[in-house]
Amino acid sequence: MRVRLVGTVVAFDDAVGLGEVETAGVAAGADSRAGAGVGSGAGAGAGPVQSVRYRFHCTQIADGSRTVEVGTVVTFGLLAGHGGRWEAADLQLAAAGHRPRAR
């Protein structure tokens, strides 16, 4: 996991420990993994992508808390998951004032 992405937690179900983080403004084809998430415009070759969502499990929250609030801005890496999909891994709170930005 060399590349760190920035995104916002858009869903988290504390009861099952699963969530989704969304990046903003990733262009399709900008990274070979950019179109491998879920959500709007995630298909490769679909032109500019408005957002890409990556699922994550609570064990991937780096501070060990196993919980995160929806709306939290985080940095994360990507990890190959089940079914050949990329998942968010090693979620860390983004530095104060750090916001996701379009690429």
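Which residues is phenylalanine 56 in contact with, leaving aside its neighbours within four places in sequence? In this predicted model, the list is Val9, Ala11, Phe12, Gly17, Leu18, Gly19, Glu20, Val21, Ile61, Val68, Ala88 and Leu91. To see where these residues sit, it helps to start with the overall fold.

The secondary structure consists of 5 strands and 0 helices. Read along the sequence, the pattern is therefore written β-β-β-β-β, with strands counted as DSSP runs from the N terminus. The 5 strands form an open sheet, and their order in it is E3-E2-E1-E4-E5, with antiparallel pairing. E3 and E5 stand at the edges; each has a single partner strand, so one side of each is left without a neighbour in the sheet. From one strand to the next, the twist averages 45°. Strands of a sheet pair through backbone hydrogen bonds, in either a parallel or an antiparallel way.

The pairings can now be taken one at a time. E1 and E2 are antiparallel and share 5 bridges. Within this pair, alanine 11 has glutamate 20 of E2 as its bridge partner. E1 also pairs with E4, again in the antiparallel sense, over 4 bridges. Here glycine 7 is matched with valine 74 in E4. E4 in turn is joined to E5 by 6 bridges, and these two strands run antiparallel. Alanine 80 stands opposite tryptophan 86 in E5. E4 and E5 form a hairpin with 5 residues between them, and glycine 83 in the turn has a positive phi of about 70°.

Next comes the interior. In soluble globular proteins, nonpolar side chains tend to be buried together. The largest nonpolar core of this model has 15 residues, and those touching the most other members are Phe12, Val21, Tyr54, Phe56, Phe76 and Ala88. Two or more residues of this core come from each of the strands E1 (5-13), E3 (51-57), E4 (73-80) and E5 (86-93). Phenylalanine 56, with which this text began, is thus listed among the core members that touch the most others, and its contacts include Phe12, Val21 and Ala88.

Two further residues show what burial looks like in single positions. Threonine 23 lies in strand E2 (residues 18-24). It is buried because its relative accessible area is 4%, and buried means under 20%. Not counting neighbours within four places in sequence, threonine 23 is in contact with Leu5, Val6, Gly7, Gln50, Ser51, Val52, Tyr54 and Phe76.

Cysteine 58 is placed in the loop between E3 and E4. With a relative accessible area of 10%, cysteine 58 is also buried. Residues up to four places away aside, cysteine 58 touches Phe12, Gly17 and Arg66. Cysteine 58 and phenylalanine 12 are 46 residues apart along the chain, yet their C-alpha atoms are separated by 8.8 Å.

Some totals describe the whole protein. Of its 103 residues, 33% count as buried. Among contacts between residues at least 6 apart in sequence, 61% join residues at least 24 apart. The exposed surface comes to about 6000 Å², and carbon and sulfur atoms supply 50% of that area.

Key
Residues numbered from 1 in each chain as written. Predicted model: local features only at pLDDT ≥ 70, side-chain atom pairs only at ≥ 80, totals over all residues. Heavy atoms only, no water. Core = buried A, V, L, I, M, F, W, Y, C linked by side-chain atoms within 4.5 Å. Buried < 20%, exposed > 50% of the residue type's maximum accessible area, 1.4 Å probe, protein only. Contact = heavy atoms within 4.5 Å. Pairing = 2+ DSSP bridges. Areas by Shrake-Rupley, 256 points an atom, 1.4 Å probe, with all protein chains shown as cover. Axes fitted to C-alpha atoms, helices over the stretch in contact; angles between N-to-C directions.
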